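This report goes through selected contacts, the main open space and one annotated region of a protein chain. Please look at the sequence and the coordinates shown here before reading on.

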Amino acid sequence: MESISVFEIIKVGIGPSSSHTMGPWNAASAFIRIIKRERSIAEVKEVFLEFFGSLAKTGIGHGTDIAGMLGLNGEDFTTINTSKIDEKIAKIKNDQIINLGGEKEIPFIYGYHLVLNMQKSLDFHPNGMIFKAVFEDGTELVQDFYSVGGGFIASQEKNSIEKQCVRTLYPCHHGSDIIKYCNKLGFEKFSDLILINEESWRTQEETRQQALHIWKNIKECIYKGVNKEGILPGGLNVTRRAAGINRKLLGDKIYKNIDEWFKLVVDAEENFTNINKWIACFALAVNEENASFGRIITAPTNGASGVIPAVLMYSQAFTECTSEDDITRFLLVAGEIGTLFKKNATISAAMGGCQAEIGVSSAMAAAGLTEILGGSIGQVLMAAEIAMEHHLGLTCDPIKGLVQIPCIERNTMGAMKAITAANIALESDPSKAKVTLDEVIQTMWETALSMSDRFKETSEGGLAIAVNVPEC
């Protein structure tokens, strides 16, 4: 089984969906690379993109079509100026031209060259898409892609696209592997093992710097979110709430930058109600940014991107675990727990419902928090198990396919469950636990397989049809 770096699970992303926005964007970029490898961009006459299944049914709400066009246009979602996205898409549609790979302008008519096929699903995965390049000599290049969660893509021939297979020194594919290797090496901290394994990709110092880069992006995202008022895009007319909560909690206090704001949060009155509201505020801020095509941290997906930031910010603002080492260890452990779910179950809501997104992120956050609060390896795994256990069966039923209702509020719930799970685990003896993390991951996968497709990000069940919302 292939090893996965924690920074493939926790990474810089763009809203509103990792599987429905980042995945198609990554696929479009990969298709450009395939064209360059097989022929050249200069030889391409036309390019076609067809989305199927869940990608088509919720594509407009998730910006799947936008992601496909921008990816073909040679844009990078980690660097693009997000405020220019609407302008770039309007130009493509109005001019009916796409700058393929940023190298050659070719005709591109929305609805003809890009199609959302809601009547058909591809067999390999619900999030399927097919790219086709037609060359000047009449020959064609066709490639299928599947967005399998968290921005990861695959093809029917390859489980992972253009990735070098890595095997770490101490492969951890199950929770039992973590216990085995930590015992073998005499480690008392889960994160010590992960730090060594991450050397398969980068040095330990580079790993620490990447963790701090993630933290910097988390703080910036929350700060943007708590300072923006208004209505979220998409037609549901959802009002941003993070800014109002932030303003109420801080009262008449004034700040000019992110550092001044963070100090005010740290110095704010600490009682249960206020801390609870701050945690909700942090999660709402991130997911309101996500819903607005903002730059966020995918962890492990975009729909669940507010949970880990909220819990990590909670630890930095309201506990004693505030060092850079604590931040690094939190993220290493959280990311590794995410890899276990990806390898043995799924992190795709189209495959497993929202238990695969909010549930997984809550388990990741619970483990990370338990690690830095001094929990044993067994307690860390127990915290992850508790958090997932109480998300089993959670459906994915976004109204109108938008990552807004119930997605945004669910992140606040996932964050609180993570903190509760950590506190329970820290007061428990893991040797007396009746359910292991490996068993709950297997149960989650079995639940996913049994769940009706109506509740797997198709907007065909649950709140998506129970709530009558006028067409956007």
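Does Asp-453 count as exposed or buried, judged by relative accessibility?

## Salt bridges and their surroundings

The model is a predicted one, and Asp-453 in this model counts as exposed because its relative accessibility is 54%, where exposed means over 50%. Asp-453 forms a salt bridge with Lys-456, with the closest N and O atoms 3.9 Å apart, whereas Lys-456 is itself buried, having a relative accessible area of 8%. Elsewhere, salt bridges with shared partners join Arg-39, Glu-43 and Asp-137 into one network. Within that network, the side chains of Glu-43 and Arg-39 meet at 3.0 Å, N to O; Glu-43 counts as partly exposed at 30% relative accessibility, and Arg-39 counts as partly exposed at 28%.

A further salt bridge links the side chains of Lys-263 and Asp-267, at 2.7 Å from N to O. These two residues are 4 residues apart in helix H11 (residues 258–267), so that about one helical turn separates Lys-263 from Asp-267. Lys-263 counts as exposed at 53% relative accessibility, and Asp-267 likewise counts as exposed, at 51%. The count for the model comes to 21 salt bridges.

## A strand covered on both faces

Strand S1 (residues 11–14) is covered on both faces, since Lys-11 and Gly-13 on one side and Val-12 and Ile-14 on the other are all buried. S1 pairs with strand S9 (residues 295–298) in the antiparallel sense, over 4 bridges, and in this pairing Ile-14 stands opposite Arg-295 of S9.

## The largest pocket

The largest pocket has a volume of about 850 Å³. It is lined by 35 residues, of which Ile-60, Gly-61, Gly-234, Phe-293 and Leu-402 are the closest to its centre. Helix H3 (53–57), helix H4 (59–62), helix H5 (64–72) and helix H6 (85–95) are the elements that give two or more residues to this lining.

By residue class, the lining of the largest pocket divides into 12 nonpolar, 12 polar and 11 charged residues.

## The annotated region

According to an unreviewed UniProt entry, residues 192–464 carry the feature "domain: Serine dehydratase-like alpha subunit". In the predicted model, the span 192–464 is 61% helix and 1% strand, and its end C-alpha atoms lie 43 Å apart.

Technical notes:
Residues are numbered from 1 along each chain as its sequence is written. This is a predicted model: local features need pLDDT of at least 70, side-chain atom pairs count only at pLDDT 80 or more; totals for chains, interfaces and linings use all residues. Side-chain values use heavy atoms; hydrogens and water are left out. On a 1 Å grid over the protein atoms alone, a cavity is a set of points where a 1.4 Å probe fits but cannot get out, and a pocket is an open set with protein on both sides within 12 Å along at least five of seven lines; lining residues have an atom within 4 Å of a point. Grid points are joined across faces, edges and corners, and a volume is the space filled by probe spheres set on the points. Ala, Val, Leu, Ile, Met, Phe, Trp, Tyr, Cys and Pro count as nonpolar, Asp, Glu, Lys and Arg as charged, and the others, Gly among them, as polar. UniProt positions are given in the numbering used here, feature names are shortened, and annotations may be inferred rather than shown by experiment. Buried means under 20% relative accessible area, exposed over 50%, partly exposed in between (1.4 Å probe, protein chains only). Two strands pair if DSSP finds at least two bridges between them. A salt bridge is a side-chain nitrogen of Lys or Arg within 4 Å of a carboxyl oxygen of Asp or Glu.
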